[in-house]
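Welcome! Here is a short tour for anyone meeting this structure for the first time. Have the 3D view open as you read.

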Amino acid sequence: MKTILSGNPVGKGPKGADPSPAEDVVLSQQEIEHLRASDYTVAIVFHYLKTDYVRLQLDGLTTRFDDLGISVEGIYGSEFDASKQVDILNRLAAKDIDALVSIPIDQVATAKAYRNVAAAGTKIVFIDNVPNGFKHPGDYAGTVSSDNQGLGIFAGRFLRDRVESGSVGLITFDAPFYVTSAREQGVRDVLEPAENVTIVAEEGFTDPDDVYDIARDLLAANPDLNGLFVSWGDPPGTQAADAALDSGMDDLVITTTGLSTDMAINIAKDGPIKATGAQFPYQQGRIEADMIANSLLANSTPPFIASGVLPIHRGNLLDLYPTYFQTDYPEEIAAYFDQ
């Protein structure tokens, strides 16, 4: 399966750095052999373990670490609970691990715990977000992310063009989180200047499992809404789609970011989710592993690497499905299309 990153990222990193190419952390065969002959360990701490995005990224991470002979000490999920993530990080700070790959849930609340990990001599690569006060390269090796602003721009453009004329709403993530802020800003940059499309409602969430009720209430208060952007797709976007159908708003146009099996099915069957700006999670995981490897070898690493955007809609879903999921699309998806 090809692992090419496409497009030219438009967004900057969480600390304002321009995106560097993945080639900046490519390892030589000699470096790989050196790593294999060593005895390095790495821990992986995610925000949430329930999505296809995380599963695919973990697949990229673990297969690449296996290639490099780096042992995975453990894989941890924080259930979008900053206090739980802090507890995990503080336990890891007391362990003898060489490296950490992690996505901070809250760049403020988790900063001290990440500082404890760094103080223990552990090399850190951040996914998507960077805690407050951390400076590159002294405090961390770098950040790897998708082109988050680009994801939002695509979602905003598709929503604007599909609605053509009318009102739209936004369901956003109500926490200091670089990734979602960049995506939401990309959407605003498209929709706010649009002549015939107006943002008339906005609600925020902190728990992604609460979005069904939030979306239902927003739609009840705005029954004439034509479109809706949701910060990411699974589960917030799929919950919003369920709320739209249960509210009798079958024609509502929803765009979002990311991709999952449930989202792909929704798009395939022409459900409320019409398009999504998706990432390259498997490829991103491999880049993160290579950045960790470079840091363990004391090589210089760039502050920010970003992949491009997979602009997925029903018209190209079958073509782009294998790039995202690293496997051919299943019959369940194919059955919604005329072959």
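A good place to start is the open sheet, where 6 strands run in the order β2-β1-β3-β4-β5-β11 with parallel pairing. Please keep in mind that this is a predicted model. After the sheet, we will look at the helices on it, a cavity, and a helix called α9.

**The sheet**

- The edge strands are β2 (71-77) and β11 (304-306), and each of them pairs on one side only.
- From one strand to the next, the twist averages 15°.
- Within the sheet, β1 (residues 41-46) pairs with β3 (residues 99-102) in the parallel sense, over 4 bridges.
- To see this pairing up close, find Val 42, which stands opposite Ala 99 in β3.

**Helices on the sheet**

- Helix α4 (residues 111-119) lies across β3 and β4 (123-127), and runs at about 145° to β4.
- Helix α10 (residues 281-296) also packs on the sheet, where it touches β3, β4, β5 (142-145) and β11.
- The direction of α10 makes about 160° with that of β4.

**The cavity**

- How many cavities of 30 Å³ or more does a search of the whole structure find? The search finds 1.
- The space in this largest cavity comes to about 230 Å³.
- The lining consists of 20 residues, and the closest to the cavity's centre are His 47, Tyr 53, Arg 183, Trp 232 and Gln 279.
- Three elements, α2 (52-68), α6 (178-191) and α8 (233-246), give two or more residues to the lining.
- The largest share of the lining comes from α6, with 3 residues.
- By type, the lining residues divide into 10 nonpolar, 7 polar and 3 charged.

**Helix α9 and its surroundings**

- Why is helix α9 (residues 261-268) described as largely enclosed by the rest of the structure? The reason is that 6 of its 8 residues are buried, and buried here means under 20% relative accessible area.
- The buried residues are Met 263, Ala 264, Ile 265, Asn 266, Ile 267 and Ala 268.
- Those buried residues pack against several helices, namely α8, α11 (317-325) and α12 (331-334).
- They also pack against the strands β9 (253-257), β10 (273-278) and β12 (310-313).
- Just after α9 comes Asp 270, which takes a positive phi of about 60°.
- Helix α8 is worth a second look, as a name that appears twice in this tour: α8 gives residues to the cavity lining, and the buried residues of α9 pack against α8.

Note on methods: Residues numbered from 1 in each chain as written. Predicted model: local features only at pLDDT ≥ 70, side-chain atom pairs only at ≥ 80, totals over all residues. Heavy atoms only, no water. Pairing = 2+ DSSP bridges. Axes fitted to C-alpha atoms, helices over the stretch in contact; angles between N-to-C directions. Contact = heavy atoms within 4.5 Å. 1 Å grid on protein atoms, 1.4 Å probe; cavity = no way out; pocket = protein on both sides within 12 Å on 5 of 7 lines; lining within 4 Å. Points joined across faces, edges and corners; volume = space filled by probe spheres on them. Nonpolar A, V, L, I, M, F, W, Y, C, P; charged D, E, K, R; others polar. Buried < 20%, exposed > 50% of the residue type's maximum accessible area, 1.4 Å probe, protein only.
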